[in-house]
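Work through the exercises below with the sequence and the model open. Try each task before reading its solution.

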Amino acid sequence: MALTIKEEISDDSAVSSEGEKGILKVKKRKNKKKRATSQENHHWWYALAVVTLLAVATRQIGLDQPAGTVWDEVHFGTFANHYINRTFYHDVHPPLGKMMVAGAAWLTGYQATFEFAVGKEYTPDINFVGIRGMMALLGATLVPLTFLVVWEASFSLNASVIASVCVLCDTFIHRLNTLLLLDPPLLVAIVACVYGTIKFHNQRHREWSLAWWSWLMFTGVCLGAVTSIKYVGVFTVLYVGVHTAYQLLCILVDSSRPVWHVFPHTAARVLGLIILPIAVYLSTFVIHFWVLTDWSVNGGGFYPTKFFAAFSNTEYDNATFPEHIHYGANITIQSSRPICGYLESWFDLFPSDYTAPCQQVTTSTIRDDEGLMWIIKKVDLEAGAVIDGGDPKEAPVIVKNGDFIMLTHAETGRSLRSHGHRAPITKRHFQVCGYGDDGAGGPFETWELVIPGEAKGANLTIINQDFMLRHWKMNCYLKGNEMVKLPKEWAFSGAKEVTCSKNPTQPGTLWHINWNNSPKLAKTVHARDRSVSLWEKIYQQHLNMFVGNAVLTPPDDMERQSRPWMWPILWQMQTMASYMVNNATKEEVYAIGMTNPLVTYLNLACLMGLLGLAFLHSYRGRRWKGHSDLGEESRADVLSSSWWLVLCWAFHYLPFFFMSRVLYYHHYCPSYIFSCMITGMFISWACETVSSWSSETRRQAILLGLLTAVVALLFTSYAIFFPLATYLTGTVFEASPRINPYLDYFYVGQMWPEFGYRKAEFMSVTTTKVELWKEDILDNPHLNATLYYSTPLNTSAGMPALNPVRASNYTLWTSTESSLVDVPYLSTKDGDGIKSLESMLRGKILLDGETEAISEANVGSTTMSEAEAGVKKGDGEG
């Protein structure tokens with residue numbers, strides 16, 4: 001394929017004399033390729049048929065092992081259950097690939113009765129071999145697609161055969177394409193998209209013909225499919241966009257046609273490569289929501305209430321609520337930020353190693369009614385009182401925008417609080433916790449209700465109205481943080497941090513009422529009436545997918561995670577599954593994710609060789625300009641043919657260096673396939689170049705011998721490493737598993753650390769964690785679940801003085817030296833926003849820029865903890 005702008009100009013164009021010479025040269029090269037094509041035509045179909053049959057046959061081997069879930073089969077098998085049962089689920093990927101896995105399972109007669117779990121063996125009711133077989137059949141098409149891409153790019157049968165054999169003989173491509181994963185449809189869609197792009201480009205001499213339109217639309221459908229399976233498909237979109245811009249540039253600079261020709265070509269590409277892919281992409285979500293009509297258990301926390309209220313089988317099916325909330329009502333509050341979940345609390349304290357050891361307040365995506373319920377109370381600043389609304393005889397007082405409120409946790413009786421202590425993880429924010437016994441509170445438990453866009457005094461409504469909570473004392477905003485999961489050692493699994501941030505525009509500061517129990521008001525609103533439409537569902541799911549992708553964190557088994565620099569050199573393999581088959585001998589069946597070492601290093605060498613060839617060709621062309629040599633034309637051909645494939649490799653590989661999310665070796669597979677194509681082209685050129693050094697009579701024989709040797713070497717490596725493509729049997733850490741002796745010759749870095757003779761090396765590589773939780777924290781007599789301040793109240797301009805707020809339980813205390821010992825998170829440096837330890841021991845605190853003396857009193861059993869001794873400035877510095 002010609003790949004310079006000069007070569008894009010039509011053969012019959014009238015250009016300058018210099019341009020005509022260039023075109024004659026291009027025509028000569030094209031005619032040579034056409035003659036070669038006609039001579040090899042009868043071999044072309046044989047070669048394509050053979051590699052296709054070999055791919056189909058080899059991919060059907062060993063599908064029954066391991067006979068249990070392998071790696072992400074757990075996730076995508078579970079998603080197949082959801083589609084068959086028509087229950088909604090949350091995932092970070094678009095739906096098309098998962099619907100294809102579900103369709104394959106449904107075709108085998110599977111009834112969604114198997115619970116996919118890590119390390120669980122398949123039961124007789126699931127024909128997992130049949131499902132894997134269908135995925136393998138789809139994945140096998142990668143081999144003929146590779147053949148076709150290289151053919152369209154180079155018109156070289158030798159390069160097409162070698163490239164397709166490289167893909168055929170790769171062990172990791174084989175393994176991935178025989179499992180219930182997204183990789184088979186994703187890789188096929190990516191390669192098919194590139195094939196359609198090159199094929200359409202090669203139809204440029206048949207503009208506006210049926211074939212021209214057909215390949216344009218084929219490319220558009222493939223683009224839509226790629227982005228509908230995984231968002232890494234955006235790299236393919238980038239490649240097609242660059243290629244399309246290049247095509248339009250060629251038309252624009254072609255002096256043989258009017259400039260206005262670029263406009264209809266642009267319009268055609270907008271239709272085929274933008275509008276059509278978007279239509280395909282959106283149609284997958286329409287089908288997705290058409291199939292999934294019921295809600296799954298505990299799924300609501302990922303999405304706002306108005307989203308999951310639109311589904312059946314939820315707590316909102318027959319639920320009606322008062323539209324507004326009165327004080328004294330029991331409510332649940334949910335973050336409007338995806339992935340955050342519900343505002344919750346429990347009796348456990350924050351460890352003093354992190355922050356003040358008061359009662360934990362977090363968010364969770366799991367609905368636990370005991371931990372989620374809050375009682376809303378009104379703080380009357382003018383009267384200096386808290387109106388709890390608990391008297392059933394009193395008229396209801398409606399919650400309004402601009403009200404000052406207090407939220408008391410129904411289960412524990414402690415109120416939502418923020419103060420000058422730093423948050424446990426996000427130190428630039430203030431801590432939020434539960435405080436005070438039996439609903440007691442004061443200025444640090446007082447929040448202003450702010451409804452963005454509404455007038456002051458407007459009633460707060462349920463489900464679909466967002467609000468913010470501004471802390472009255474600290475002038476910060478309650479914030480849920482989907483990015484910060486609290487340590488498992490002291491927070492419940494999945495609990496996320498809640499803080500108080502000075503920046504109201506940060507994500508996570510918007511909340512809404514998830515459930516409303518206001519018994520004094522009539523129930524007038526059906527929750528389903530406040531649910532979202534189809535297009536709002538699609539929008540909400542996209543928001544959750546993007547946030548979900550951003551919050552993916554590395555797993556505990558760090559040997560599966562890898563970084564992009566490791567992939568091309570096989571620095572780290574990927575353990576996918578292992579199952580004990582003989583308890584007496586400890587023999588196991590296990591699956592390994594590792595590419596064929598020979599193909600891997602051959603790809604790396606050919607990529608480097610191509611870059612060196614490009615430098616050599618450019619240098620020679622400039623150093624000896626006008627002095628052509630016998631290899632100049634062949635070098636130009638291989639470089640021009642490989643250029644776009646190198647770009648494909650780069651577009652699908654380099655962006656991963658800029659990603660902070662967890663990555664695995666399988667993310668390299670798209671680039672790996674393109675590197676196999678480059679290998680095919682480079683080796684074909686190298687063999688042809690070497691054979692050209694001999695006489696005319698021996699040239700073909702030498703070329704055939706070299707190509708046969710390369711193909712034989714690839715098949716030999718495939719046979720040697722075939723257990724990597726299917727499964728291995730043996731004992732983990734045995735002295736010499738049957739695969740190990742061959743891997744010794746290819747060992748680089750940590751490629752094979754946990755098997756065989758390197759047992760000691762593997763066992764010595766351990767993950768250490770800093771255990772910040774101390775067992776004796778609760779034994780410290782100076783720590784107590786209820787912590788009290790004695791503080792001067794807010795007397796700034798515009799704020800009425802409360803002295804003190806009624807219904808508060810402020811207890812005065814005298815700090816002692818023993819209560820301030822070994823508090824690890826407190827700074828004792830002057831000038832850092834906190835008074836020195838010596839000042840604190842004299843009973844002084846710093847608040848709102850003023851130093852006030854603390855009244856002395858004996859508080860007995862409610863002694864102030866050492867953590868609460870350091871009250872920070874109102875602006876949070878310290």
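The exercises go from the whole chain to single elements, then to the cysteines and two loop regions.

This is a predicted model, in which local features need pLDDT of at least 70, side-chain atom pairs count only at pLDDT 80 or more, and totals for chains, interfaces and linings use all residues. Residues are numbered from 1 along each chain as its sequence is written, and side-chain values use heavy atoms, with hydrogens and water left out.

**Exercise 1. The whole chain**

Find how many helices and strands the protein chain has, and what share of its residues is buried.

Solution. Step 1: count the elements. Helices (H or I, at least four residues) and strands (E, at least two) are DSSP runs, numbered from the N terminus. The protein chain has 23 helices and 20 strands.

Step 2: sort residues by accessibility. Buried means under 20% relative accessible area, exposed over 50%, and partly exposed in between, with a 1.4 Å probe and protein chains only. Of the 878 residues in the protein chain, 56% are buried.

Step 3: look at the surface. Accessible areas come from the Shrake-Rupley method with a 1.4 Å probe, and for residues only the protein chains shown count as cover. About 37200 Å² of the protein chain is exposed, and carbon and sulfur atoms supply 59% of that area.

Step 4: look at contacts, meaning heavy atoms within 4.5 Å. Among contacts between residues at least 6 apart in sequence, 76% join residues at least 24 apart.

**Exercise 2. Helix 7**

Check the length of helix 7 (residues 157-168) against its expected span, and decide whether the helix is enclosed or open.

Solution. Step 1: the expected span is 1.5 Å times one less than the number of residues. For the 12 residues of helix 7 this gives 16 Å, and the end C-alpha atoms are 16 Å apart, so the two agree.

Step 2: 11 of the 12 residues are buried, so helix 7 is largely enclosed by the rest of the structure. Among the buried residues are Leu157, Ile162, Val165, Cys166 and Leu168.

**Exercise 3. Strand 8 and its partner**

Describe how covered strand 8 (residues 415-422) is, and how it runs relative to strand 9 (residues 430-435).

Solution. Step 1: strand 8 is mostly covered, with 8 of its 8 residues buried.

Step 2: two strands pair if DSSP finds at least two bridges between them. Strands 8 and 9 are joined by 5 bridges and run antiparallel. In one of the bridges, Ser415 is partnered by Tyr435 of strand 9.

**Exercise 4. The disulfides**

Locate the disulfides and give the handedness of each.

Solution. Step 1: a disulfide is a pair of cysteine sulfur atoms within 2.5 Å. The whole structure contains 2.

Step 2: Cys358 is joined to Cys433, with an S to S distance of 2.3 Å. The link of Cys358 and Cys433 is left-handed, with -100° about the S-S bond. Cys358 lies in the loop between strand 3 (342-349) and strand 4 (359-364) and Cys433 in strand 9, so the pair ties together parts 75 residues apart in sequence. Cys358 is buried at 0% relative accessibility, as is Cys433 at 0%.

Step 3: the sulfur atoms of Cys476 and Cys500 are 2.0 Å apart and form a disulfide. The torsion about their S-S bond is about 95°, so this disulfide is right-handed. Cys476 sits in the loop between strand 11 (468-471) and strand 12 (477-485), and Cys500 in strand 13 (residues 496-501), 24 residues apart. Cys476 is buried at 0% and Cys500 at 1%.

Step 4: with the bonded cysteines numbered in sequence order, the pairing is 1-2, 3-4.

Step 5: Cys166 is in no disulfide, and the nearest cysteine sulfur, that of Cys676, is 5.1 Å away. Cys166 is buried at 0%.

**Exercise 5. Two loop regions**

Which side chain makes a polar contact with Ser336, and how far apart are the C-alpha atoms of Leu349 and Gln359?

Solution. Step 1: Ser336 is in the loop between strand 2 (330-335) and strand 3. A polar contact is a pair of N or O atoms within 3.5 Å; within protein, one must be able to donate a hydrogen and the other to accept it, and residues adjacent in sequence count only if both atoms are side-chain atoms. The side chains of Ser336 and His512 form one of 3.0 Å.

Step 2: Leu349 belongs to strand 3 and is buried at 15% relative accessibility. The C-alpha atoms of Leu349 and Gln359 are separated by 4.3 Å, with their positions 10 residues apart along the chain.
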